[in-house]
Amino acid sequence: MGTMTRVREWQGPAIFSYGFRPFFLFAALQAAFAIALWVPWFLGLVAVPSLLPPVAWHAHSLLFGYVPAVVAGFLMTAVPNWTGRLPVAGWPLAGLFSLWLAGQAAMLGSEHLGVWIAALVALSFLCALAAVVGREIVTARNWRNMPVLLVLAVLLLAQALFHWEVDRFGRPEMSQRLAIAAIITLIALIGGRIVPSFTTNWLKRVNPGRLPQPPGRFDAIAMTVGIAALGAWIANVHFAVPGTLLGALLLLGGLLHLARQARWTPERTWREPLLAILHIGYLFIGLGFLLAGLAELSHGRIAAGAGIHAWTAGAVGTMTLAVMTRASLGHTGRALTAGPMTTAIYAGVVLAAALRIASALAPELTLALLPAAGIAWIVAFLGFAGVYGPMLVLPRAGRAT
């Protein structure tokens, strides 16, 4: 029975009628819950039955919990468009979502399961997601999107390495950098398609004039240099890469990504927050490269955490919320425009990122800036769950999906 037939005949909860529904909703809830739990846990105010140290669990919850859920929701929605094949829906989708949920529960309660059983449960989701996406791409001979599958494989490798490093050394280092690099590469890869495309479509309709440059050689150069810089940044954990060389490479990667984005006419999108937020999210990629490069060249005067949080809280947090809101509106039959509540959600996540970067740049203000960043982050993601949750859980008007 074809998957679209399963969509039409699916009589269960509407939330399992399309991939973006369960993954976007629960990714947002997990993002808010992770910060709400981590802060008091880190401060010693609560006890959590996890074998991971608080900081390691915090990294795992974002890099291997929240991000894979958003990626799954996006790919389960986008891959059918890329390949012309039918979407995953119904019980197969519920099964995939259950693997993700089990992995999050396992890492939170690993004290009861043991470190390696919990790790295997957590790893099973990315394995299954890569298998599903790989099957669709290979069956459709959609070789253009093989890089997406490669990035998923690297993220899976990073998660396996994460568990090994924590067990062996007590903290993740290379695995965390590898995961961040894979995620930033994925955002740059997909962002390089959707940001100029959505911008072009909107400008042609409401604001004729200069349009984004189509993808070309410059984009390939920016991506190549960025990947090389991230590779050197990862290698620097165990191999001494000269600081001047690494810093210069990171700065060049940042400048190229900013120049790439400038070709997409971001200054012409401010009237539509649903579009402008994509450009703001991508801006954090270039900013992350610049801050990471300056950290290397400053010999510690600029904290490395500033660049890391520009990439994670900034690029990851902002771009994922931008994609989640846009896809949720479009696939539930709503108008593609950001209302006041959606704009407030965007303001919250951008504020959270700015405060988190500021706390790394001004450590003497951490006790004030870090809680404020956490509150803004929680408000943004709970805001998404509150505003978009009903449209993700309820059937689309007049349709099964």
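A search of the whole structure, which is a predicted model, finds five salt bridges, a salt bridge being a side-chain nitrogen of Lys or Arg within 4 Å of a carboxyl oxygen of Asp or Glu. In this predicted model, local features need pLDDT of at least 70 and side-chain atom pairs count only at pLDDT 80 or more, while totals for chains, interfaces and linings use all residues. Residues are numbered from 1 along each chain as its sequence is written, and side-chain values use heavy atoms, with hydrogens and water left out.

A helpful place to start is the network of salt bridges that links R85, R135 and E136. Within it, the side chains of R85 and E136 meet at 2.8 Å, N to O. This pair joins distant parts of the chain, with R85 in the loop between α3 and α4 (91-108) and E136 in helix α6 (residues 115-139), 51 residues apart. Helices here are DSSP runs (H or I, at least four residues), and like strands (E, at least two) they are numbered from the N terminus. E136 also forms a salt bridge with R135, where the closest N and O atoms are 2.7 Å apart. The members of the network differ in their cover: buried means under 20% relative accessible area, exposed over 50%, and partly exposed in between (1.4 Å probe, protein chains only). E136 counts as buried, at 4% relative accessibility. R85 is partly exposed at 31%, and R135 is partly exposed at 44%.

Another salt bridge brings together the side chains of R260 and D219 (2.8 Å, N to O). Here too the pair links distant parts of the chain: R260 belongs to helix α10 (residues 243-262) and D219 to helix α9 (residues 217-235), 41 residues apart. Both R260 and D219 are buried.

Turning to the interior, the structure holds five cavities of 30 Å³ or more. On a 1 Å grid over the protein atoms alone, a cavity is a set of points where a 1.4 Å probe fits but cannot get out, and lining residues have an atom within 4 Å of a point. Grid points are joined across faces, edges and corners, and a volume is the space filled by probe spheres set on the points.

The largest cavity has a volume of about 230 Å³. Of the 15 residues that line it, V71, I187, I190, T320 and V323 lie nearest its centre. The elements giving two or more residues to this lining are α3, α8 (174-206) and α12 (304-331), and α8 provides the largest share, six residues. The lining of the largest cavity consists of 13 nonpolar, two polar and no charged residues. In this count, Ala, Val, Leu, Ile, Met, Phe, Trp, Tyr, Cys and Pro are nonpolar, Asp, Glu, Lys and Arg are charged, and the others, Gly among them, are polar.

The second largest cavity, with a volume of about 60 Å³, is lined by R177, W233, A292, A295, E296, A304, I308 and W311. Two or more of its lining residues come from each of α11 (273-297) and α12. This lining divides into six nonpolar, no polar and two charged residues.

On the outside, V39, F42, L43, L45, V46 and V55 make a nonpolar surface patch of about 560 Å². V46 lies in the loop between α2 (20-42) and α3 (54-83) and is partly exposed, with a relative accessible area of 35%. Patches are made of residues with over 30% relative accessible area and no salt bridge, with like charges joined within 9 Å and nonpolar side chains (Val, Leu, Ile, Met, Phe, Trp, Tyr) within 5 Å. Accessible areas come from the Shrake-Rupley method with a 1.4 Å probe, and for residues only the protein chains shown count as cover.

Methods:
On a 1 Å grid over the protein atoms alone, a cavity is a set of points where a 1.4 Å probe fits but cannot get out, and a pocket is an open set with protein on both sides within 12 Å along at least five of seven lines; lining residues have an atom within 4 Å of a point.
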